[in-house]
Amino acid sequence: MASVMEIDEENNNENKGGMWDLEQKLDQPMDEEAGRLRNMYREKKFSTLLLLRLAYQSLGVVYGDLGTSPLYVYNNTFPHGIEDTEDVIGALSLIIYSLTLIPLLKYVFIVCRANDNGQGGTFALYSLLCRHAKINTIPNQHRTDEELTTYSRTTFHEHSFAAKTKRWLEAYPFRKNALLILVVVGTCMVIGDGILTPAISVLSASGGIKVDHPKMSNDVVVVVAVIILVGLFSLQHYGTDRVGWLFAPIVLLWFLLVGGIGIFNIWKYDSSVLRAFSPVYIYRYFRRGKRDGWTSLGGIMLSITGTEALFADLAHFPLSAIRLAFTVIVFPCLLLAYSGQAAYLMQNKDHVVDAFYRSIPESIYWPVFVIATLAAIVASQATISATFSIIKQALALGCFPRVKVVHTSKKFLGQIYIPDINWILMVLCIAVTAGFQNQSQIGNAYGTAVVIVMLVTTLLMTLIMLLVWHCHWAVVLLFTVLSLVVECTYFSAVLFKIDQGGWVPLVIAAAFLLIMYVWHYGTVKRYEFEMHSKVSMGWILGLGPSLGLVRVPGIGLVYTELASGVPHIFSHFITNLPAIHSVVVFVCVKYLPVYTVPEDERFLVKRIGPKNFHMFRCVARYGYKDLHKKDDDFEKKLFDNLFMFVRLDSMMDGCSDSDEYSLYGQQTQQSRDYNGNSSTTNIELSYSSMDSIAPVRCHPQGNNTFTSSGHESNHTEVDELEFLNSCRDAGVVHILGNTVVRARRESRFYKKLAIDYIYAFLRKICRENSVIFNVPHESLLNVGQIFYV
């Protein structure tokens, strides 16, 4: 009987023996279009009524941050007051064209198209790029991963400009690392947004109390803002599912109020502000203001804050609904709100500090104040949720220390809560609010974070347009140049305000960048060590079926980061302990650059060595939106797939294999036999290469010819299944490697600092794997080792 084994020679990545690979798929189509159909509600034709309803619901989730900008834009644009009323027209003109160029044209109609199956944000763009070029810094992918239905990607001619760009990116590790650092910088700035948005939104909304009571101390406003922030962060663990139905009506009412007040103010005070739609007033504004006019762009920049949150929160709604909501409600209402405040300031230029609240008609002042406070809370909630989401993506791609991730909704996969990050955000947000105590300095910090995120998105979009969309280089150049001209103009303006609060997001981002990059660096070094120190299969075969130890009843689940080969920790285990379990399963939980992996495609099972060794490998694959939790359901699915593999394996005896291919079984729900008759279940055996899938050819001669009904095959299958079940009943033990990473003595100072101090500290304070996997202590076995990098 043909034995199935996987031979991995030490320091050699080539497979020296046959390897049988099982991938269970329940009638899943393999082409790109079918993969996209998994997100059915995004792809189907929406009825008009459904589209309107989704557009309405998107207001509360997507546009809260962008909608609260009128609370503080004019105050930050004119921090020293208004000298000439013509400056108000110039500022309004800048706001109008900023809203048109960045949120409307760039994001809603271009950037939002670059979503990863509906997922937005910098890491979603990076995942999209990782599927089209080999730029992932942790090389743990297998060719079968590319056959996932969610692993959609486009192909291009090898002589095309896209192919040249791909080769240029893949040529040197430095370029891959530079791209990763760019993505991490954007992520750190989004985290900064998660701190600054609640601070400036809630503080600006709370400032309405002081407008009606001028003698009130500013400290009272700060205390009220801090109380609201504490309450907001304290309620995060409940999630937004229970109160999310309130968000849309609050934000819709907010937009209608600010739009209506804007119309009233234009009619009452000065309708001539509408001439600001002419861009000539922008030129006159800069000519008149010179450097002060240029630096005021930092305040104008705040009118488009929330645009990145719009992209990050894209997952919950179809793009058509988001576009409809923006063009019909958000965009016109914001233009009316800013125009109405400008009309008020034309006759009350001394009221610029509290322009929004002072422009409200007295009869509706307090209702608007309540709605403004609620809208600020909704805006803060959207940004906090976006921060949780992007940290989860960074965690999945090995760029963030292990933290506890909690799903707050059974209906929506994307609604998560990260307790550790929540309290860190709250402390930093309160520190910023209480430390600065005024909108102007927080606004300067906010503008710096937003413009850097936009620059990162522009650079990533350039690669997306080349590699994914295959746009002509001239179109890509036009988009990149226009975007960089606008955003670099804003960036140059916020640089003038670094010493006036703009340093805050830079310090926050630098701290998170250090944490994320050092963690990723340590993770890559650990993986490289594991890869280069894999145990030789020849050594294991030399030990015999008993592995040189007593095989005790039970199943040992050995957790490893390697998706192939036997980890070094296993040799450490069997040389220091007198016994090993009758069945050993190497479990690898790995994340792929896809948003999700369907349940029926999650597990890959392989046999390691001959059958009498009873050693297997199970690879559990997840997307960056999936949440892996080691529980009974996961364990049950793992064993279900293992038993299915044993059944397929027994039927595959005698089939020829090749060193170049992996065999896998594909189970389909519905198939047809040669006579055209439908059957309930069919096992299709095939081997796969990088480019083709073809049927397995079985030996026409000998006793090992493939037959699903042969007595010997069924007898072997039943025996092994009974053996596995008896071992499972005897007990399951989870074996985790507790590795300590140290820098070599001859390493340079910065490497010792990164590995021996920063990385070691992060590993000490982050969650243990046993906690992440929820492994019970009574069935946990830790195996420690030290290795030097």
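Axes here are lines fitted to C-alpha atoms, for helices over the stretch in contact, and angles run from 0 to 180 degrees between N-to-C directions. Helices (H or I, at least four residues) and strands (E, at least two) are DSSP runs, numbered from the N terminus. What's shown is a predicted model, where local features need pLDDT of at least 70, side-chain atom pairs count only at pLDDT 80 or more, and totals for chains, interfaces and linings use all residues. Residues are numbered from 1 along each chain as its sequence is written, and side-chain values use heavy atoms, with hydrogens and water left out.

**View 1. Helices α11 and α19 cross at roughly 45°.**
Two packed helices are described by the angle between their axes and the distance between the axes. Here α11 covers residues 218-234 and α19 covers residues 365-396, and their axes come within 11 Å. That makes the pair oblique (angles under 35 degrees count as roughly parallel, over 145 as roughly antiparallel, 65 to 115 as roughly perpendicular and the rest as oblique). The crossing is right-handed, meaning the near helix is turned clockwise from the far one by less than a right angle. On the α11 side, I228, L232 and F233 make the contacts (heavy atoms within 4.5 Å); their partners in α19 are T373, I377, S380, Q381 and I384.

**View 2. Y74 sits among the best-connected residues of the largest nonpolar core.**
A nonpolar core is a set of buried Ala, Val, Leu, Ile, Met, Phe, Trp, Tyr and Cys residues joined through side-chain atoms within 4.5 Å. This one has 161 residues, and those with the most contacts inside it are Y63, Y74, F123, Y126, Y357 and F400. Leaving out residues up to four places away in sequence, Y74 touches L92, I95, Y338, Q341, A342, L345, V352 and A355. A second, separate core of 25 residues includes I555, A620, L638 and F645.

**View 3. C130 and C399 don't pair up.**
A disulfide is a pair of cysteine sulfur atoms within 2.5 Å, and by that rule the count is zero. For C130, the nearest cysteine sulfur is that of C399, 9.3 Å away, which is too far for a bond. Both residues are buried (under 20% relative accessible area, with exposed over 50% and partly exposed in between; 1.4 Å probe, protein chains only). C130 comes in at 7% and C399 at 1%.

**View 4. C588 is tucked into strand β5.**
The strand spans residues 579-591, and C588 is buried at 0% relative accessible area. Its C-alpha lies 6.3 Å from that of C618, 30 residues apart along the chain. Beyond residues up to four places away in sequence, C588 touches T560, E561, L562, A563, C618, V619 and A620.
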